[in-house]
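Colleague: I'd like a close look at one part of this model, the cysteines, and then how the surroundings are put together. Please keep it brisk.

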Amino acid sequence: MDYVRSVSPSDRYLPWLVILFIGSGCAALIYEIVWFQMLSLIVGSSAISLGVLLGTFMGGMCIGSIGLSSVISIDRHPLRVYAMLEAGIGIFGLLVLWLLPHVGGLYTSIGGPGMLGIMVRAVFCALFLLPPTIMMGATLPAISRWVETTPRGVSWLGFFYGGNTFGAVLGCLLAGFYLLRLHDVSIATYAAVGLNVLVTLLALSLALRTPYEARQQSESADAVQMSPGSRSVLFVIGLSGATALGAEVVWTRLMTLNFGGTTYTFSLILASFLLGIGIGSAVGSVLARFVRNPRHALGWTQFLVVVGLAWAAYLLTRALPYWPVSPDLAIRPWYNFQFDFVRAVLTALPAAALWGASFPLALAAVAAKGQDPGRLVGKVYAANTVGAILGALLTSLVLIGSLGTQTTQRMMMGVAALGALILLVGEW
């Protein structure tokens, strides 16, 4: 049955939820950077390993986003559910830190080159990353039940997503340039766990201050369908996820030629990518509140993604490699970081901002009044994440090796153009 809150939350608490998501995103990306370094010692740091790691990480997020509405009843207090998820992430973060080093020998004894080695890598990633990433994927659908599926409520969902992404940028920079540079994976993990504990306590405190009541409605939750044309929107947001993660794999491969294949490079590229996602989601959240036709707005966003991909391809192959600057001239690492960060941001930010704006616009395009917000966010988030998984795996395992980076980028431009055409011309 469908449940809704009988009392809307006070507006003054909604910004606090954004702050909670900033802390949650920061902890999540510290974990991802740490896990990337730990697993790269076992499975290697090639493009194949990166694709498998990203696919597994995103797969857990997808399962969590879909499964929450089926496992957790809507009459449970969203803030308490969110707090328990954050506590569970911290527990599994500690388990990964303590258990993963002891199984490295198992991989080396049964793994090897070829497809068998790839399958073993996938199994190891799933074994250690799926439980915490499932909980990470469930956090946004859980807290989304605190707002209603109105244009204003959908706009706040976009701000939650943007806050989570900006926190992720902070986590990338904190892990890659401070915690792992001056300390080790243990200190970095404990810092992330500390953030999980802080977010858990703050969420429980807000839950005590904001009573949550639900009342049963005569209409079934499944009877409230998404808006007409939602299938094409979900399909296109899936294509958007595929091009986004495929581009991240390609950009990582090309930028390592200039920056080197280290955790520093991975953190730099990921932070630049997420910065664009965060900026775009904030802008898209504002547009979702006022735009009359979010479906067409999403279509034009996908069209502009083609331009962003072409810009990145030009910079990576025709401009950045020929900049007359020598890193050896820098007297401190900080100056090299500034230069590298500017190059990464110039490359990734335009397209990433458009991908970030796509998520709140997709939510606005499929939202229907009376729908369970958790189910709405779960479907859109899952569609985007499934596309991201396919894009990461297909790009790293097939396209780059068989077609090369240039042709792969052209294919991603074609996919983005197809998504724009579907939304601007057809409706199904």
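Modeller: Start with C26. Its sulfur lies 9.0 Å from the closest cysteine sulfur, the one in C172. A disulfide needs the two sulfur atoms within 2.5 Å, so that distance is too far for a bond. The structure as a whole holds 0 disulfides. Bear in mind that this is a predicted model.

Is C26 buried or exposed? C26 is buried, with a relative accessible area of 10%. C62 is buried too, with a relative accessible area of 8%.

Now the overall layout. The protein has 12 helices and 2 strands. Along the sequence they run β-α-α-α-α-α-α-α-β-α-α-α-α-α. Of its 428 residues, 57% count as buried. Take the contacts between residues at least 6 apart in sequence: 90% of them join residues at least 24 apart.

Next, the core. In soluble globular proteins, nonpolar side chains tend to be buried together. Here the largest nonpolar core has 124 residues. Those with the most contacts inside it are L17, W35, L140, F160, W251 and W355. Helix α1, residues 14-43, gives the most to this core, with 17 residues. Look at L17. Setting aside residues up to four places away in sequence, L17 touches L79, I143, W146, F160 and L206.

F160 leads on to the rings. The structure holds 8 aromatic pairs. One of them joins F21 and F160, and it is stacked: 5.8 Å centre to centre, with 10° between the planes. This pair links distant parts of the chain. F21 sits in helix α1 and F160 in helix α6, residues 151-182, and the two are 139 residues apart. Both rings belong to buried residues: F21 has a relative accessible area of 1%, and F160 has 0%.

A second pair makes a contrast in geometry. W300 and F303 are edge-to-face, 5.8 Å centre to centre and 85° between the planes. Both lie in helix α10, residues 294-319. They are 3 residues apart, about one turn of the helix. F303 is partly exposed, with a relative accessible area of 42%.

Back to F21. Ring pairs link F21, Y82 and F160 into a cluster. Two of those residues also meet T139. Leaving out residues up to four places away in sequence, T139 touches F21, Y82, L85, E86 and I89. T139 is found in helix α5, residues 114-144. Is T139 buried or exposed? T139 is buried, with a relative accessible area of 4%.

Now turn to helix α8, residues 230-259. It has 30 residues and reaches 42 Å from its first C-alpha to its last. That is close to the 44 Å expected at 1.5 Å a residue. Helix α8 is mostly covered, with 24 of its 30 residues buried. S240 is found in this helix. At 2% relative accessibility, S240 counts as buried. Which residues does S240 contact, leaving aside its neighbours within four places in sequence? They are Q302, W355, S358 and N384. W355 has come up before: it is among the residues with the most contacts inside the largest nonpolar core.

Set helix α12, residues 373-425, beside that. It has 53 residues, but its end C-alpha atoms are only 28 Å apart. A straight helix would reach 78 Å at 1.5 Å a residue. Where does α12 bend? The bend is at G404, and it is about 115°.

One residue of α12 is worth a stop. S396 lies in this helix. S396 is buried, with a relative accessible area of 5%. S396 and V249 are 147 residues apart in sequence. In space they are 6.7 Å apart, C-alpha to C-alpha.

To return to your starting point: C26 is buried, and its sulfur is too far from that of C172 for a bond.

Definitions and conventions: Residues are numbered from 1 along each chain as its sequence is written. This is a predicted model: local features need pLDDT of at least 70, side-chain atom pairs count only at pLDDT 80 or more; totals for chains, interfaces and linings use all residues. Side-chain values use heavy atoms; hydrogens and water are left out. Helices (H or I, at least four residues) and strands (E, at least two) are DSSP runs, numbered from the N terminus. The expected span of a helix is 1.5 Å times one less than its number of residues. Buried means under 20% relative accessible area, exposed over 50%, partly exposed in between (1.4 Å probe, protein chains only). Contact means heavy atoms within 4.5 Å. A nonpolar core is a set of buried Ala, Val, Leu, Ile, Met, Phe, Trp, Tyr and Cys residues joined through side-chain atoms within 4.5 Å. Rings of Phe, Tyr and Trp (its six-membered ring) pair if their centres lie within 6.5 Å; planes under 30 degrees apart count as stacked, over 60 as edge-to-face and the rest as tilted. The bend at a residue is the angle between axes fitted to the seven residues ending there and the seven starting there.
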